[in-house]
Amino acid sequence: ADAILEIKDLKIQFKSGKGTVEPIRGVNFTIEKGETLGVVGESGSGKSLTSLAVMGLLPDKISKITSGEILFGGKDLTALTEKQYRKLRGNEISMIFQEPMTSLNPVFTIGEQLSEPLRQHKKMSKKAINQAIIAVLKQVGIPRAEEIVNEYPHQLSGGMRQRVMISLALLGEPRLMIADEPTTALDVTIQAQILELMKNIKTQNDMSLLLITHDLGVVAEMCDRVVVMYAGEIVEMAEVNELFDRPLHPYTQGLIDSMPSNNERKSRLYSISGQVPKPEEIKEGCVFANRCQYAFAKCFQKTPPVFQDGDHLSKCWLQDTTEGEVG
Ligand code: SF4
Ligand code: MG
């Protein structure tokens with residue numbers, strides 16, 4: 001398969017009061033063409049920061065990429081200028097966020113907001129723009145599209161606003177869509193509808209999808225492969241069924257154990273006791289050691305490497321098969 005996005009040894013540094021911290025420390029993953037890759041983790045895991053880095057949206061006064069590459073179609077995005085990035089965003093890669101109300105401008109109509117990227121990037125007549133907008137609104141299942149274009153964001157329901165955001169993300173015909181908690185703010189029925197929609201448009205538009213979520217239920221429903229992030233590192237990565245059948249990292253096991261029964265779809269990641277260490281608290285050793293029920297002496301002294309079992313990766317000393325043999 002062809003990779004559309006390859007992140008290699010990404011490290012991100014932030015200025016903090018006392019100096020610098022490194023909230024992303026060596027992230028590696030690939031998204032194949034047509035694939036839906038889930039990135040799962042609690043808040044503070046670095047999943048949103050990673051996606052902002054891909055979009056070139058890190059706050060540049062206080063943060064920087066200190067190492068690594070973000071290859072999109074083979075091109076390293078970390079070398080792009082802001083001007084080059086503006087051409088890429090919305091056209092090659094689009095992003096949708098959790099709360100559409102904060103991404104949509106309350107003082108412009110839906111039609112005005114949807115026509116803006118078309119006016120910026122393409123030479124289209126007013127009529128052609130209008131037709132394109134109506135078509136994309138229909139594609140995301142918005143009824144009365146001809147009337148909706150004249151309405152303001154607050155006149156729409158949360159689910160309809162998220163559909164508008166998705167249509168906005170589709171306008172530039174991106175090859176990759178990044179969705180950061182796209183359904184977290186929505187109630188369960190609407191959530192299911194939006195996920196279904198995202199599945200369909202991904203296939204119809206021949207895109208790849210990077211889905212960031214804290215909800216393993218969403219992962220199970222949507223993703224081909226899963227990356228589990230914890231405190232700025234990838235602690236496990238596997239094909240989705242493999243991850244649920246045979247989670248190797250104690251953190252992933254904890255996430256799966258704290259999933260509610262299938263009927264009640266509210267995720268409770270927070271039932272693993274303890275907290276994600278802050279970037280300034282990271283030291284040598286396993287990042288999960290302070291919460292891990294299996295932790296042993298070595299876990300506090302030495303950072304585990306990535307152990308590989310076929311395509312299943314995990315970063316935990318329990319997977320070290322050489323341990324004990326050598327003594
Ligand atoms: Fe737990 Fe040790 Fe594995 Fe870390 S390396 S997850 S502390 S067993
Ligand atoms: Mg986030």
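**Exercise 1. Find the residues, other than neighbours within four places in sequence, that V226 is in contact with.**

Solution. This is a predicted model, so open it and centre the view on V226. Skip whatever sits within four places of V226 in sequence, and the contacts that remain are G38, V40, V219, M237, A238, V240 and L243. Next, put V226 in its wider setting: along with L176, L210, V227, V228 and Y230, it is listed among the residues with the most contacts inside the largest nonpolar core. That core has 82 residues. Helix α7, residues 158-170, gives the most to it, namely seven residues. As a bit of background, nonpolar side chains in soluble globular proteins tend to be buried together.

**Exercise 2. Work out where this core lies relative to domain 1 and domain 2.**

Solution. Start with the division of the chain: domain 1 takes in 3-92 + 174-268, while domain 2 covers 103-173. Now see who supplies the core. Both domains give residues to it, so the core lies between them.

**Exercise 3. Describe how domain 1 and domain 2 meet.**

Solution. Begin with the distance: the C-alpha centres of the two domains are 26 Å apart. Then look at the contacts, where 14 residues of domain 1 meet 14 residues of domain 2. On the domain 1 side, helix α8 (residues 188-204) brings the largest share, six residues. Finally, sort that side by character: 10 residues are nonpolar, four are polar and none is charged.

**Exercise 4. Decide whether D9 and E181 are exposed or partly exposed.**

Solution. Take D9 first. You'll find D9 in strand β1, which runs over residues 3-16. It has 11 C-beta neighbours inside 10 Å, and the cut-off for exposed is 12 or fewer, so D9 counts as exposed. Now E181, which sits in the loop between β7 (176-180) and α8. With 19 other C-beta atoms within 10 Å, E181 falls short of the 20 needed for buried, so it is partly exposed.

There's one more thing to spot in the backbone. Most residues other than glycine have a negative phi. Phi is positive, though, at D9, near 45 degrees, and at E181, near 50 degrees.

**Exercise 5. Say how far T203 is from V27, in sequence and in space.**

Solution. First locate T203, which is in helix α8. T203 is exposed, because just 10 other C-beta atoms lie within 10 Å. Then compare the two separations: T203 and V27 are 176 residues apart in sequence, and their C-alpha atoms are 27 Å apart in space.

Technical notes:
Residues numbered from 1 in each chain as written. Chains lettered and ligands numbered in written order. Predicted model: local features only at pLDDT ≥ 70, side-chain atom pairs only at ≥ 80, totals over all residues. Core = buried A, V, L, I, M, F, W, Y, C linked by C-beta atoms within 7 Å. Helix = DSSP H or I, 4+ residues; strand = E, 2+ residues; numbered from the N terminus. Domains from an automatic or database assignment. Contact = placed C-beta atoms within 7 Å. Nonpolar A, V, L, I, M, F, W, Y, C, P; charged D, E, K, R; others polar.
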